[in-house]
Amino acid sequence: MCRSRFALLAILLGFCAASDIASADEAAAWTALHAGRHVALMRHTDAPGGAGDPPGFRLDDCATQRNLSAKGRADAARIGARLRSEGIAVERILSSPWCRCMDTATLLQLGPVAAEPTFGNEVVLSDQRQSLAAGARAVIDQWTGSGILLVVTHGANIAALTGISPASGEIVVVRKASGAGESVGRLVLH
């Protein structure tokens, strides 16, 4: 009986510690976003259908790609509203040219969105992974704005840059660090 109580206590303490770590991670992300001069890497919101795109997809035809669900569209609008309500100064928005990323970035309603091919889907463009990651690192490293550079891209791309595999709509805030983004914190806002 005593061992099972000890095990239960250990599990509860583990949950509390994980919750405290997540809270600290979120607080650090908000602090960095309010301070500016950071890069926010956001995975596009919910787009059902697994990884990649259907066979024969074309970048110039959204009907051939995985697209945002109604939930994904609503989540993008909510995330943008939250960032606006927090007074986050988004200075520039870049996006993967894939429709689900461009749509997420546009639905945030935080400003004009520019397609940036170096944030293209590295799962689909697997033969270009190295050059995509190098290009993304260069964009991060060259950011000198006083506000936030927001990049909407794919989960695999963010994982390649930070080692973090984000959920749909999750934001990983990074700072420049020797050509690679060093994670400051993470936000799940939907």
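**Close-up views of selected sites**

**View 1. Glu122 and its surroundings.** At a relative accessibility of 9%, Glu122 counts as buried (buried: under 20% relative accessible area; exposed: over 50%; partly exposed: in between; 1.4 Å probe, protein chains only). The model is predicted, so that local features need pLDDT of at least 70 and side-chain atom pairs count only at pLDDT 80 or more, whereas totals for chains, interfaces and linings use all residues. Residues are numbered from 1 along each chain as its sequence is written, and side-chain values use heavy atoms, with hydrogens and water left out. Glu122 belongs to the loop that joins β3 (113–115) to α4 (129–141) (DSSP runs numbered from the N terminus: helices, H or I, at least four residues; strands, E, at least two). Residues up to four places away in sequence aside, Glu122 touches Arg129, Leu132, Ala156, Asn157 and Ala160 (contact: heavy atoms within 4.5 Å). With Arg129, Glu122 forms a salt bridge of 3.7 Å, N to O (a side-chain nitrogen of Lys or Arg within 4 Å of a carboxyl oxygen of Asp or Glu). Arg129 is partly exposed at 37% relative accessibility, while its partner Glu122 is buried.

**View 2. Asp61 and the network it joins.** Salt bridges with shared partners link Arg58, Asp60 and Asp61 into one network. Asp61 is located in the loop between β1 (39–43) and α2 (70–85) and is partly exposed, its relative accessible area being 23%. Between the C-alpha atoms of Asp61 and Trp98 the separation is 9.5 Å, although the two positions lie 37 residues apart in numbering along the chain.

**View 3. Salt bridges of Asp75 and Glu86.** The count of salt bridges comes to nine. One of them joins the side chains of Asp75 and Arg78, at 2.4 Å, N to O. Both residues lie in helix α2, three residues apart, about one turn of the helix. Asp75 is buried, at 2% relative accessibility, whereas Arg78, at 44%, is partly exposed. Another salt bridge pairs Glu86 with Arg82, whose closest N and O atoms are 3.2 Å apart. Glu86 is partly exposed at 27% relative accessibility, and Arg82 is partly exposed at 32%.

**View 4. The largest pocket.** The largest pocket holds about 150 Å³ of space (pocket: on a 1 Å grid over the protein atoms alone, an open set of points where a 1.4 Å probe fits, with protein on both sides within 12 Å along at least five of seven lines; lining residues have an atom within 4 Å of a point). Its lining has 14 residues, and the closest to the pocket centre are Arg43, Ala51, Val123, Gly155 and Ala156.

**View 5. Two nonpolar cores.** The largest nonpolar core has 23 residues, and those with the most contacts inside it are Leu33, Leu83, Leu150 and Ile171 (nonpolar core: buried Ala, Val, Leu, Ile, Met, Phe, Trp, Tyr and Cys residues joined through side-chain atoms within 4.5 Å). Elements giving two or more residues to this core include α1 (2–35), β2 (90–95), β4 (148–153) and β6 (180–187). The greatest contribution to this core comes from α1, with four residues. Leaving aside neighbours within four places in sequence, the contacts of Leu150 include Ala40, Met42, Val90, Ile93 and Leu110. Another core, of 15 residues, lies apart from the largest one, and has among its members Leu41, Leu149, Leu161 and Val172.

Notes. Points joined across faces, edges and corners; volume = space filled by probe spheres on them.
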